Amino acid sequence: MTSILNADLHCHSVVSDGTLTPEALAARAAANGVELWALTDHDEIGGQHRAAAAAREQGMKYLTGTEISVTFAGETVHVVGLGFDLDDAAMSEGLYDTRGGRGKRAQEMSEGLAKVGIHGAYEGALRFVGNPELISRTHFARFLVEAGHCKDTSEVFRKFLTEGKPGYVPHRWATLKDAVQWITAAGGLAVIAHPGRYKFTANEEYALFVEFKAHGGKAIEVVTGSHTPAEYVEYADKALEFGFAASRGSDFHSPDESHCDLGKLPWLPGKLTPVWELLEHRIQ
């Protein structure tokens, strides 16, 4: 396999905060020419068997996936796990515990929004949730757009759901060490998702990469839906500097919301080691 492979190793279904079923995502990915696919729902692997079966039906290769929420230096960082064993008990338990804090956080977000005159946000958000354990800011954003408070979800985040705004409630996630070790102990490979999105100083980002590597992390997303072309180059260089393999994924959530469609990203720069080369033995 080479870097010239239409691999999309980051997207979300209704099992977390996407709007399409695993089957509809597989069909869309295949229609867009994806050859190797992974569904990476947040802190959840409940859609994996469906996704793998749908990938087979569509003639695509498949890697198991999830996206684990981690707290690092006061920020939420996402670590994608690829190619792990779905039956690993420690990983399933860790993901269950990580999901557990979302319900309480959602109630507190709703209370914060009620203080500025937006009532019923929790119940409204629940209407957009496929899996109540995974209620998230995205579901609140969809409700606030539907209710006419904002014109789109990005306006909701700006006005209501980021730090210092009425609906923002921080959450303590897994540690970086926990997430990487769950993935690697289950036979998978850990990837830092969309590193260009985090608001880290250069020193904090360096510390993230060093600690991630020390715990056994192997790759970073270089080409992903929220990176700019300049960030493709920047994180290609970072991958080489730290000895990381490179991943590629759209981070697709919804036909109406996502910047980038499944399978429509630029190729990985050729000088990098694609993450799928390290996972050939895990591809289904």
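An open sheet of 5 strands follows the order E4-E5-E6-E7-E8 with mixed pairing, where two strands pair if DSSP finds at least two bridges between them, and where strands (E, at least two residues) and helices (H or I, at least four) are DSSP runs numbered from the N terminus. The model is a predicted one, in which local features need pLDDT of at least 70 and side-chain atom pairs count only at pLDDT 80 or more, while totals for chains, interfaces and linings use all residues. Residues are numbered from 1 along each chain as its sequence is written, and side-chain values use heavy atoms, with hydrogens and water left out.

At the edges of the sheet stand strand E4 (65-72) and strand E8 (245-249), each of which pairs on one side only. Neighbouring strands are turned against each other by 40 degrees on average, direction ignored. Within this sheet, strand E6 (residues 189-192) and strand E7 (residues 219-224) pair in the parallel sense over 2 bridges, and Val-191 has Ala-219 in E7 as its bridge partner. Helix H9 packs on the sheet, touching E4, strand E5 (75-82), E6 and E7, and its direction makes about 175 degrees with that of E6; contact here means heavy atoms within 4.5 Å, and angles run from 0 to 180 degrees between N-to-C directions, with axes fitted to C-alpha atoms, for helices over the stretch in contact.

Helix H9 (residues 202-214) also packs with helix H10 (residues 229-242), at an angle of about 45 degrees and with their axes 11 Å apart. That angle makes H9 oblique to H10, a class left for angles that are not under 35 degrees (roughly parallel), over 145 (roughly antiparallel) or 65 to 115 (roughly perpendicular). From H9, Glu-205, Tyr-206, Phe-209, Val-210 and Lys-213 meet Tyr-235, Lys-238, Glu-241 and Phe-242 of H10. The residues of this contact divide into 5 nonpolar, no polar and 4 charged, where Ala, Val, Leu, Ile, Met, Phe, Trp, Tyr, Cys and Pro count as nonpolar, Asp, Glu, Lys and Arg as charged, and the others, Gly among them, as polar.

Another open sheet is formed by 3 strands in the order E1-E2-E3, with parallel pairing. Strand E1 and strand E2 (residues 36-37) run parallel and are joined by 2 bridges, and Asp-8 stands opposite Trp-37 in E2.

Trp-37 also takes part in an aromatic pair. The structure holds 8 aromatic pairs, counted when the ring centres of Phe, Tyr or Trp (its six-membered ring) lie within 6.5 Å, with planes under 30 degrees apart called stacked, over 60 edge-to-face and the rest tilted. The rings of Trp-37 and Tyr-62 have centres 5.5 Å apart and planes at 65 degrees, so this pair is edge-to-face. The pair links distant parts of the chain, with Trp-37 in strand E2 and Tyr-62 in strand E3, 25 residues apart.
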